[in-house]
Amino acid sequence: MLWKAVVGGLCAAFAFSLPTTKVLAQEDCTAIPTIVGSETTSVTVTCGPGEESAGFATSYGDGEYDGDGDDVVIISGGQVFANSESGQPVVDGTSDTLHEPDLYLIELRDGNNRFEIRSGQIGVPADTGVTIVLGNGDDTFVASGGTIYGGISPEPETFPSPDGSDAFLISGTAYIRDKIWAGTDNNTLMMTGGYLGEIQFEDGNDNVDISGGQLGELIFLGGTNQVTLSGTGQIGPTEGEQPAVEFLGGTNTFTMTGGLVAGWVSGGGGTENFRISGGTVAGEIDGEGGDDVIDISGGTLAGDIAGGFGFDEVAISGGHVQGDIDADSVLLYGGRLDGDITGLQSLVIDDQQSTAPLVLRDGVLFSGTLAEGSIVDTDLAKVQNGSFLSQNFSGFSSLSVSNSTLGFTSSQVLDEIDLSDGSTLYVTGNVTLEENVVPEEEEPDFSLFASDVSVLSHTSPFADVYLTSSSINMINGSPNDVLQVGDLTLQNALLGIDVDQGAALGDQILVGGVFTVNGLNTIQVNLVGTPFFGATTQIPILAGGAPAGGGSFAITGVPDTLSSLFNYEIVPGAAGGLFLLATPGDLSPLGAVKAAIDAQPVMTALDAIDSVMDDAVEWSYELPGSLRAAQVSPTFGIFASGQWARVSHDGFEVSSGGISGAGPSFTADDFSATISLDWNAAKHFGFEDRYGLNIGFFGGYTSTDVSLDPFMSFTSLGSAENESGMFGLYGLFRKGFTYTLVSATTFIGETDIVNDLLGSAGSYDTTGFAMTASLGRIYPLSDRVRFDLRGGIVGVTFTGDGFTDSAGYDFGKSRVSFGALKFEPGIYSEHRLENGWILSPYARGEMQVRFGYRNTGSFEGSEFDFDDSDVSLSLSAGLNLKTSPKSTMSAEFRGKASSDSTTIAGKIGYKVAF
């Protein structure tokens, strides 16, 4: 140790004459020179894990190497900081160390240098200025890890302004807290990971590609620049709400397919082209000066789009713009826009140009100054459940709408709107189409608009409307809507209006200019309120001068509504304008439900009576298959039956006021159940050996559920249900195999009815009476087979009380009555089974010819007559299975048909004699 002290003292004493050699510590960074011949051409500086160094320049010696070669600095660990006791790295093979830097921590001078940091740390947190200087030449900066405090610049103050195209490659976990000054030449930044606080490019043609990592701010001062953001890359500070990308000059293209801009994007005085197809911009896009193009086909923009000065164009074909748009030209092809659009000179909307649907907010504003608009193949109104989305137009000289829909709920400012090719304008409320009022200092030279009808030919202070094969629809359930226009020209157009016929009110169009009608135009009427069916009503629908042109009108009611029950006519007013005459037409659909439900309980009751009469004959003659009722006494018996039927009816022939036609078809589900008490009077009085006399008493329950089918333009007319109790008696007189059978029955019930046309419901009482008389004879064909030949007459009358329904409409009393002749042959057989049971199949036919059929009703004083077919045929087949002297199971199938209806009936039950 003594020799070291001695040497050290001598060196200190004679420092003025002896060269100094730094002793390299194990933890120090190193510099390796590249020597060609006797000349050093470059150095490579390396710092590894655990090593450290003070700041250094890549030159050494006294003129031995000036640092102008292609130097390499690789930091793969350790630390470089200004006050390191290790000093500058020793140049390998020499006694020299690298020079101390002039101003910065690490200085690379001229030459195509490469700086690479993989790990470790450069600088300390207190360093805030430039830390690393890359120097002149085409330099490469690579950061895949480690930490750099301070900035990176190619321009140390002591050097001339450098040139060279530098490349900055940042990836992995690299952390560069501060700024990179990229210089004036054509530079490149490629970032796939890590963090960079800021980068600023000068006037070169620079290229930035960020697919990962985070860049705090990106600034361009000029040149022609390209920026691509994709993947998981982020530009902008973590907290957002600050500039993220700033183009302060030059011609720039910003392309974004993914990632995040956590702030706003700002243009400069040059021309910017922004293309966004994915990712998220958390702030706005501001074009500032220049003619900018902003194209959004995907992704999310949380802020506004401001074109700034110059002629700016915005095209939206996808994605989601949450703010407003201010631009000279806007093209909307798809995507979602939550805000308004202002500053317009030109507007094009075409939803068919993109696969992404176009979604605008309700009440969106399109505003400009003498702007021209075109809407093609786009459903802006998006009508759902009777409501629509609205739009607002202000400052338009013309608006062309083709095969599209619009919705207005408030006044608009435009000179002309031209709807064609099946377009529809929906109107609700009081809407005025106002003409543009241009301030004098902005008023254009009208001589330039010689072909523009909207500018030269206004005859009123309101917008002109041209409707060609298109519609204005004011139907919304309110008859108080008003549309104020200037000139109105109709060419094969459709006008839809609400009319309160009872109050003589209707939607109106006010024409302040010339009213022209060409071709065949249609007015569609939707009745609202409570219609009055007693007389013709006159309603004003259009105010203005007398119509010009050679066109005409056709008037229809809205299908599937009460509007279709009126006849309409358009008449001119004495002082101009048009009036609608509404006259009640065929009202029979209103009475169709009541007619169907009144007719069907009669048929249900008659079928139940026939079943009782069949059981009476079978009981009295002990026909095969008969239910031998339990003998309550020597002269009494009891039996019961039940049945269900499905009826499909083609509809009645309806006549009213000299007009007749087919009524609606309907379906009925019928059910009946009866129980009978039979008294053998002949046996009781002791003359049964000469002739027989049976007297029966019966009662039961019937129900009928009727549903009407769609009719004319009506999808639903209504439904009804009748429930009735029935009671009656019969008498059966027989002598040998010949018999006479008479009956009298009363049925009393209530009907609940729903009328879908009127949107109402009600109920009323019903009463019916039926009498039957039959003459028959039994023919034994063998010991097991007998033939029953029967014929007779039927008379029936039914009354339904009048009532007022829930909508206040009066339905008068209804009546159903008729007589009929019947012919009913039947055949019975008996088969005894081995277990003692008796299987008895049977079949019966019926032909019925009705006469004097009447089915009448009324609605609001209008009388209706419903006629039905007079001839019907039916066939029944069934069997009884007698399992004991007191019990029988039975089943029957019956089909019935006429020219107007078909019936399929089933009868099943378990009968017990008591």
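Which residue in β15 stands opposite Leu-169? The legends below take up this and other close-up views of a predicted model.

**Figure 1. Strand β13 and the two strands joined to it by bridges.** The residue opposite Leu-169 is Met-190 of β15. Strand β15 covers residues 188–201, runs parallel to β13 and is joined to it by four bridges. Strand β10 (residues 140–143) is likewise parallel to β13, and four bridges connect them. Here Phe-141 has Phe-168 of β13 as its bridge partner. Within β13 itself (residues 167–170), the side chains alternate between two faces. Phe-168 and Ile-170 point to one face and are buried, whereas Ala-167 and Leu-169 point to the other and are not buried.

**Figure 2. The surroundings of Gly-749 in strand β59.** Strand β59 spans residues 738–755 and contains Gly-749. Gly-749 has a relative accessibility of 11% and therefore counts as buried. Its C-alpha atom is separated by 3.8 Å from that of Ser-724, although these two residues are 25 residues apart along the chain. Apart from neighbours within four places in sequence, the contacts of Gly-749 are Glu-723, Ser-724, Asp-765 and Thr-766.

**Figure 3. Thr-766 in strand β60.** Thr-766 belongs to the strand formed by residues 760–780. With a relative accessibility of 1%, Thr-766 counts as buried. The side chain of Thr-766 makes a polar contact of 3.3 Å with the side chain of Asn-722. Beyond neighbours within four places in sequence, Thr-766 is in contact with several residues, among them Ser-724, Phe-747, Gly-749, Phe-798 and Gly-800. Gly-749, the subject of the preceding view, in turn counts Thr-766 among its contacts.

**Figure 4. Two of the aromatic pairs in the structure.** The structure holds 32 aromatic pairs. One of them is formed by Tyr-60 and Tyr-65, with 6.0 Å from centre to centre and 45 degrees between the planes, and is tilted. Tyr-60 is buried, with a relative accessible area of 1%, and Tyr-65 counts as buried at 4% relative accessibility. In another pair, the ring centres of Phe-698 and Tyr-730 are 6.4 Å apart and the planes lie at 25 degrees; the pair is therefore stacked. Because Phe-698 lies in strand β57 (residues 692–708) and Tyr-730 in strand β58 (residues 718–735), this pair ties together parts that are 32 residues apart in sequence. Both Phe-698 and Tyr-730 are buried.

**Figure 5. An aromatic cluster, and charges over rings.** Ring pairs link Phe-533, Phe-566, Tyr-568, Tyr-764, Phe-803, Tyr-809, Phe-811 and Phe-859 into a cluster. One member of this cluster, Tyr-764, has Lys-594 over its face, at 4.3 Å from the ring centre. A further charge over a ring is that of Arg-850, whose charged end sits over Phe-818 at 4.9 Å from the ring centre.

**Figure 6. Confidence along the chain, with two segments where pLDDT stays under 50.** The chain has a mean pLDDT of 86, and 90% of its residues reach 70 or more. Over residues 1–26, pLDDT stays under 50, and the model has 13 contacts beyond four places in sequence for this segment. Residues 625–633 also stay under 50 in pLDDT, and for them the model has 30 contacts beyond four places in sequence.

Notes. Residues are numbered from 1 along each chain as its sequence is written. This is a predicted model: local features need pLDDT of at least 70, side-chain atom pairs count only at pLDDT 80 or more; totals for chains, interfaces and linings use all residues. Side-chain values use heavy atoms; hydrogens and water are left out. Buried means under 20% relative accessible area, exposed over 50%, partly exposed in between (1.4 Å probe, protein chains only). Contact means heavy atoms within 4.5 Å. Two strands pair if DSSP finds at least two bridges between them. A polar contact is a pair of N or O atoms within 3.5 Å; within protein, one must be able to donate a hydrogen and the other to accept it, and residues adjacent in sequence count only if both atoms are side-chain atoms. Rings of Phe, Tyr and Trp (its six-membered ring) pair if their centres lie within 6.5 Å; planes under 30 degrees apart count as stacked, over 60 as edge-to-face and the rest as tilted. A charge sits over a ring if NZ of Lys or CZ of Arg is within 6 Å of the ring centre and within 35 degrees of the ring normal. pLDDT is the predictor's confidence in each residue, from 0 to 100.
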